[in-house]
Every structure is written in structure tokens, then in C-alpha cells.
Amino acid sequence: MPSSNWGSLFVAPLVAVTLLASCAPSAPQDERHAALSSALTAADRLAACEQDPRVVSGLVTREICAGADIFFRETFEGNGRTCGSCHPVENNFTIDIPFIDALLDINPFDPLFVYEEDSALTDLETYELKTLGLIRENIDGFDDLDGKYVMRGVPHTLSLATTIAPDPAQEGEGMPLERTGWSGDGAPGSGSLRDFLTGAVTQHLPKDLSREPGVSFRLPTEQELDLTLAYQLSLGRTNELDLTRVKLTDPAANDGRLAFLDPQRGRCNVCHSNAGANHLDTGRNRNLDTGARKAPGTNNSPGAFDGGFGGAGLPAPNIDVLGRNILDGYGDGTFNTPPIIEAVDTPPFFHSNAFGNTIEGAISFYTGPQFKQSPAARELEARFGTPIQFPNADIDKMGRFLRVLSAAFNLDLAKQRLQAARELARRFHDTRDDVQERLMELAEVEIDDALEVLHVSGGAPLHPVSQYRLQQAKTEIAAALSAAGWSARESRISIALLRVQNARDEFGSNITYRLGQGNLMY
């Protein structure tokens, strides 16, 4: 249909799903969008999404579109935060210190910092939010707000469709239906990802710490739970790789792949099969005690030490978290296994943000005392007959290998968004060009992430030709964003796509990701 026929259609009800170009609008804008969002029902969002150009063109379903609007805009009549407050699309759906520092510069009154402005929410967070990027979690219940909480990093929400199925060995009565959050028991109710939203609203969005539904916030409706679930399951990739078929052109990276797979070298593939989150034996997610709970500097808050999974309902501490012969935490010491492909680009690492800002630092953890003395290490030793050990050279090689997988994922996300922007330009011309522009901006974010991931300190440069081509792609995106009309914009996007693909082709073969539609929403 010619673009001229769409002008009147796209000026129907103002819906936040296609509006914001920034995660940190000014305070008045934020208030207007919060008020608008709170007035919208799920039916309103579905109806409006039928007019979204991404839905009209078949790039995104209306359910995923509406779920994204809930995720990024709905405050549930709470303190002004949304799911996107801690899971911003511009920062790989997580928060870290650089993001927090930048947000403080742009908008110090962002709802993320509401606990500093509202006396009723003083204890919603602690100082570690700004110093370590850790949020306060009452993962084991709200019965003791002052003493029964832990501090955790914000897990990204990418590729959840591949990570949440629980290992059959850890299923059964009283076990969560799905693995969510750092300890695998982050959701209330059945423990499903669908129920996670209810827990997140209760934990992070209340207007006061009584957390009384209907007073401190409103609970999500059944339809909102369904729509948000559909959106979350459509984020990131929806498939796993086969690392035995992957071949990398960088020799050190390819040797890192072999070390990753080799049970006498890295042994990584047992717990992170194909660099994902699932165990080699079952293809499902398994909670493990790797000793990360003993990390120094992660237990400074007055709350309980983090005992991982299974502490809910316990009247008193039941686990010696730090190995001091003192019961000082709640749980069984195990934590959820995250996917490594996405982890490279979402430092710092582990549930406590305690192991540095490079993937090499995270790999080094497995040669250190916390892991070597852990139950997970003993399981591997019993399986293979020797303790885990690998030289520093393998740390660097496996780091290069994982960097290439991560950069390929970044570039596929960039391509998906550029292709969508080009399709919308071709079909709708300059109608709703703000959507095209935002997709280009988010594509550039992924290119920047790929460039950062490909930058290694020491050793041979990692794919310098690809890095040069990605800089060229950024130049084309800048030209597309300043183009006077759709035709010039479409031409520049096409060139940028070619540059990104040429850069991606340098990495190797069989690095094939299947991406979800939710990556086109913001």
C-alpha cells in the first residue's frame, strides 16, 4: 500500500511503544509517559499495536509489540519504575556502573533512583546500586526487610527462551517451574517466567515498603502477564549453536573453541553446553554451587549473605556461605547457569558483579580457590579423574573464542534492526520515520558493543579488518540518520548492512543465530 495512505492511520492514539528515543527522558516527559502508560489497558495496547509499522509490515506480532510496551512503559501505579528501568534496551537489558553514571548525568531524577527522593522508599535500595551496580533483593521473602535481603547484579533478559527449562534432575514438588533470576528461584507462585513480572513489580516498583497490592502498586492482569511473557521470550536468540561445527578464522580463537570443548582443558562445555546456559547431559538449565558465593567484597551489606537457591520460608539462616563454620545465609549455595555468549557483552560477571569487566577475568575464576574448592569442581573432578586446570594461554584463547561468538551476536542484532529500518523506509517512506531512526540508533549500539568486544588488550588484534568495516558502517548509519528523505536513508542503510555483513563474514562459519522479533522493540 502506498505510504500516503498511512498518514491518518499512524496519528491514532498516542502509544508509548513507538515514541521514546531515549531511555532517560527529562522528568516532565517521564511523568507524562508514566501517566499515559498507567491509563492504558492491555486491550488499548493491542489495538494501538495494530497500527505500529513493525506490526503492519509483519516484522513483529501485535502481542510482542504490546508486551514490549508493558515492559518499557508500564509503572503498575507504583513508584515510576518500569521493567525497562533495570533492563534498558540500550545497555543489553542490564545496568552497570557506566550506565548508572551516564544516567545520573542525563537525568538524576530517573525512577531508578527514586529511593533517594522518596522517604517512604529509603530502604528500597542501598548505596551498592551506585557503587557496584547491585540491587536489593528480598529473594527469600519480605518477613525481615532489614536482615533478610541480598545484593545482586541485574541479569540481562536476552535469549531467555534458551535458558529457563530446568534440568530434570532438579525438578519435582516445590521446585520452580522455570529457572529465573540468579538463583533460579526468582519468580513467585509457580516459579515461571510468566510469574516473574509479579515478583518484580512487588520487589522493585512499590510506592512504599508495605508492598500491599492495590496500595503500593497494582498487580499485573492475566493478559499483561501473557503479553509480557511473549515479549520476553522473543528477545535475543532462540536457538543454540553447535560448537563442533563452528570454525573460526582467527587461529587462537579457534584453538580457544577446542579448549572450551576439551574435557581435559577447559571443560566449559559440560555446564555451558555450546556456550549457552544448559548442561551437556540434559540440554537443560542446572543450578550449581561454583563457590562464587564466597567472592570477597560481595557481602558488605547488613542483609544476609547470599546463599543462592531455596531460602524462601526458612525461619533462620541454614547455610555457611563463607566457610567460617557460621550459618550466615539462606539457601543451598547453588546459582543459575547463565549463557556465556551474552555474558561477554554484559559484564561485570556472576550474581555479585565481583569478577571483573573482561571475559578473561571471568574465565580465570575457574582456576582460583573459590571454584577449586566448590562442589561443582568436585563433580568435574569425579567425572574426569583430575582437577580442572588450564594455563593462562588457554584463558586468552577461550576469551578470544567467546569474544567472536559475542561479536557475531551483536552484529546479527544490528543487521536485524537495519533490515527492519530499511523495510520500513521502503514500505512507508517518511511516515513514522522516528521508528526507522530509533532502529538505526539501536543497531549502532550493537556495532559499538561488537567493537568493544573485539578489542583485546595484549596479543594479536582480533579481526582488525572487521573493526575497520564496522567503523565504515557507523559512518553510513550517521548519514542515514541525517538523510533528508526516505530514499537517501534507505540507500545509506543498505550500504551499512553490506559493511556489517562483510565484517561478520570474517569471523568464520556456522555461527548461526536465530533471532526473536522482540529485538525490534524498544
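1. D144 is partly exposed in this predicted model, because its relative accessibility of 34% falls between the 20% limit for buried residues and the 50% limit for exposed ones. The residue sits in the loop that links β1 (135–137) to β2 (150–152). Its C-alpha lies 9.9 Å from that of P315, although 171 residues separate D144 and P315 in sequence.

2. Two residues other than glycine deserve a check of their backbone angles. E77 has a positive phi of about 55 degrees and belongs to the loop between α4 (62–73) and α5 (83–86). With a relative accessibility of 41%, E77 counts as partly exposed. R211 also has a positive phi, near 50 degrees, and is placed in the loop between α8 (193–204) and α9 (222–233). R211 counts as buried, because its relative accessibility of 9% is under the 20% cut-off.

3. The peptide bond joining P347 and P348 is cis, with omega about 0 degrees. P348 falls in the loop between α12 (340–343) and α13 (359–364).

4. Turning to the interior, the largest nonpolar core holds 100 residues, and L402, L405 and I511 touch the most other members. Helix α16 (residues 392–428) supplies the largest share of this core, 17 residues. Once neighbours within four places in sequence are set aside, the contacts of L405 are L241, L243, A275, I341, I511 and Y513. Another core, of 14 residues, lies apart from the largest one; its members include L112, F113, V114 and L129.

5. As to the overall fold, the chain contains 19 helices and 6 strands. Its radius of gyration is 23 Å, close to the 24 Å expected from the globule rule for 522 residues, so the chain is as compact as a globular protein of that length. The C-alpha trace spans about 70 × 60 × 40 Å along its principal axes.

6. Of the 522 residues in the chain, 57% are buried. Among contacts with a separation of 6 or more, 69% are between residues 24 or more positions apart.

7. On the surface, the chain exposes about 20,100 Å², of which carbon and sulfur atoms supply 53%. The chain carries 46 positive and 70 negative charges, and the mean positions of these two sets are 6 Å apart.

Notes. Residues are numbered from 1 along each chain as its sequence is written. This is a predicted model: local features need pLDDT of at least 70, side-chain atom pairs count only at pLDDT 80 or more; totals for chains, interfaces and linings use all residues. Side-chain values use heavy atoms; hydrogens and water are left out. Helices (H or I, at least four residues) and strands (E, at least two) are DSSP runs, numbered from the N terminus. The radius of gyration is taken over C-alpha atoms; the globule rule is 2.2 Å times the number of residues to the power 0.38. Buried means under 20% relative accessible area, exposed over 50%, partly exposed in between (1.4 Å probe, protein chains only). Contact means heavy atoms within 4.5 Å. Accessible areas come from the Shrake-Rupley method with a 1.4 Å probe; for residues, only the protein chains shown count as cover. Lys and Arg count as positive and Asp and Glu as negative; His and the chain ends are not counted. The place of a charge is taken as NZ of Lys, CZ of Arg, CG of Asp or CD of Glu. A nonpolar core is a set of buried Ala, Val, Leu, Ile, Met, Phe, Trp, Tyr and Cys residues joined through side-chain atoms within 4.5 Å.
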